[in-house]
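Here is a set of questions and answers for reading a model at the bench. Look at the structure, then work through each turn.

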Amino acid sequence: MRDETPEQPAPLRSGYTTGSCATATSLAAARLLLTGIVSDVAEIVLPKGQHVPMKLVFCRLLTDAEGGAEAGTVKDAGDDPDVTHGAVVFARVRLSATPGVRFHAGPGVGTVTRAGLTLPVGEPAINPVPRQMMTTHLAELAGEHGYEGGFDVTIGVENGEALAQKTMNPRLGIVGGLSILGTTGIVRPFSCSAYIASIHQGIDVARANGYLHVAACTGNASEDAMRAYYHLPDIALIEMGDFAGAVLKHLRRAPVDRLSMCGGFGKLSKLAGGHLDLHSRHSSIDLPQLAEWAAGSGASAALQAAIVGANTSQQALALALADGVPLGDVVCARARAVAREIVPSTVAVEMFAIDRQGNIVGAAR
């Protein structure tokens, strides 16, 4: 486990994507083959023009019969809580008489097995921007040294298959390891861009495989609730975490027939209040607002005061239900109204709220 972030305020440090790591290591391995130079640093150019030196932990010739070279670097995600932080990303490169660059999945890198991703089925999970970065750098290297052949590039991540179990790759149909990612080459701390991208991919994969009813869930308990309620397969269950907005906005360009959104009562109350990011850093549970909504459903003044004074949203819900006020349904209806303003009218939207035990305590269809 990574150390906790220090309490004293300090600028958060950016890091580099697995795509940047793959580019640096493939460049170093290819340079060794073409020049005999063993590098301890490889400088690459990121998509927006930044020049970045990346330290290598090894750069060596391969000893097997086919020849080739390999290089590796330690992935540094900066201060972002990235699952690949500290992993060794490596590239094995072989020269080929056939021009061009061919990519292969090495140990710890997955293979695409389902339609709906940016890569066709059967391809190694090396995304388009990292592929372009590697192709550009290798082409420039070849031009510098008058090399007219091609390259076979195998990218791997040490312990990548185990690390992939902590990501959404298995659900997306990427088997055998991690994806090599990145659009800018840089990891912005707490930008959550990779998580949001996986939400989008999850919706795209479901659609491409014919699942037009998806359930977006905030966590395991809400997933279990939707799995039991609708008997949906995992491919149709979208792990959205706190990013309700990422789901709703993506459906504008990738609509489905039905969206079921399910989350804890407290989180859905934030969505009902108009917040699209449900994390506590960005939104808070508004007990006075809950009391006001309860009043609209007949809550007495005493109940309203009790809700305002509640310790948690779950306690407020329990107080309302005990008094016959369907606060769970009210919150779901308001959350559904927020969602309806974002998604296309062709998408049927419904909301489900659960308690801490995973029981459905409110719904709006």
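Contact means heavy atoms within 4.5 Å. This is a predicted model, where local features need pLDDT of at least 70, side-chain atom pairs count only at pLDDT 80 or more, and totals for chains, interfaces and linings use all residues. Residues are numbered from 1 along each chain as its sequence is written, and side-chain values use heavy atoms, with hydrogens and water left out.

Q: Which residues in α2 do the residues of α1 meet?
A: Helices (H or I, at least four residues) and strands (E, at least two) are DSSP runs, numbered from the N terminus. From α1 come Gly19, Ser20, Ala22, Thr23, Ser26, Leu27, Ala30, Arg31 and Leu34. They meet these residues in α2: Pro130, Met133, Met134, His137, Leu138, Leu141 and Ala142.

Q: At what angle do helix α1 and helix α2 pack?
A: Axes are lines fitted to C-alpha atoms, for helices over the stretch in contact, and angles run from 0 to 180 degrees between N-to-C directions. The axes of α1 (residues 18-35) and α2 (residues 128-144) lie 9 Å apart. Angles under 35 degrees count as roughly parallel, over 145 as roughly antiparallel, 65 to 115 as roughly perpendicular and the rest as oblique. α1 is thus roughly parallel to α2, at an angle of about 25 degrees.

Q: Which helix gives the most to the largest nonpolar core?
A: A nonpolar core is a set of buried Ala, Val, Leu, Ile, Met, Phe, Trp, Tyr and Cys residues joined through side-chain atoms within 4.5 Å. Buried means under 20% relative accessible area, exposed over 50%, partly exposed in between (1.4 Å probe, protein chains only). The largest core has 49 residues, and Val247, Leu259 and Met351 are among those with the most contacts inside it. Seven of its residues come from the top contributor, helix α12 (residues 327-340).

Q: Are α9 and α12 roughly parallel or roughly perpendicular to each other?
A: Leu290, Trp293 and Ala294 in α9 meet Leu327, Val330, Val331 and Arg334 in α12. The axes of α9 (residues 287-295) and α12 come within 10 Å and cross at roughly 105 degrees. The two helices are therefore roughly perpendicular.

Q: Which strands stand at the edges of the five-strand open sheet?
A: Two strands pair if DSSP finds at least two bridges between them. The order is β15-β14-β16-β17-β18, with mixed pairing. Each edge strand has a single partner, so one side of each is left without a neighbour in the sheet. The edges are β15 (237-239) and β18 (360-364).

Q: Which residue in β17 does Ser260 stand opposite?
A: Strand β16 (residues 258-264) runs parallel to strand β17 (residues 348-354), joined by seven bridges. Helix α8 (residues 265-272) packs on the sheet, touching β16 and β17. In β17, the residue opposite Ser260 is Glu350.

Q: How many residues of α8 are buried?
A: Its buried residues include Phe265, Leu268 and Leu271. They pack against α7 (244-250), β16, α9, α11 (313-322), α12 and β17. α8 is largely enclosed by the rest of the structure, because its buried residues number seven of the eight.

Q: Which residue in β6 stands opposite Gly72?
A: Strand β5 (residues 69-74) has five of its six residues buried. Four bridges join it, antiparallel, to strand β4 (residues 58-61). β5 also pairs with strand β6 (residues 88-96) in the antiparallel sense, over six bridges. Opposite Gly72 in β6 is Phe90.
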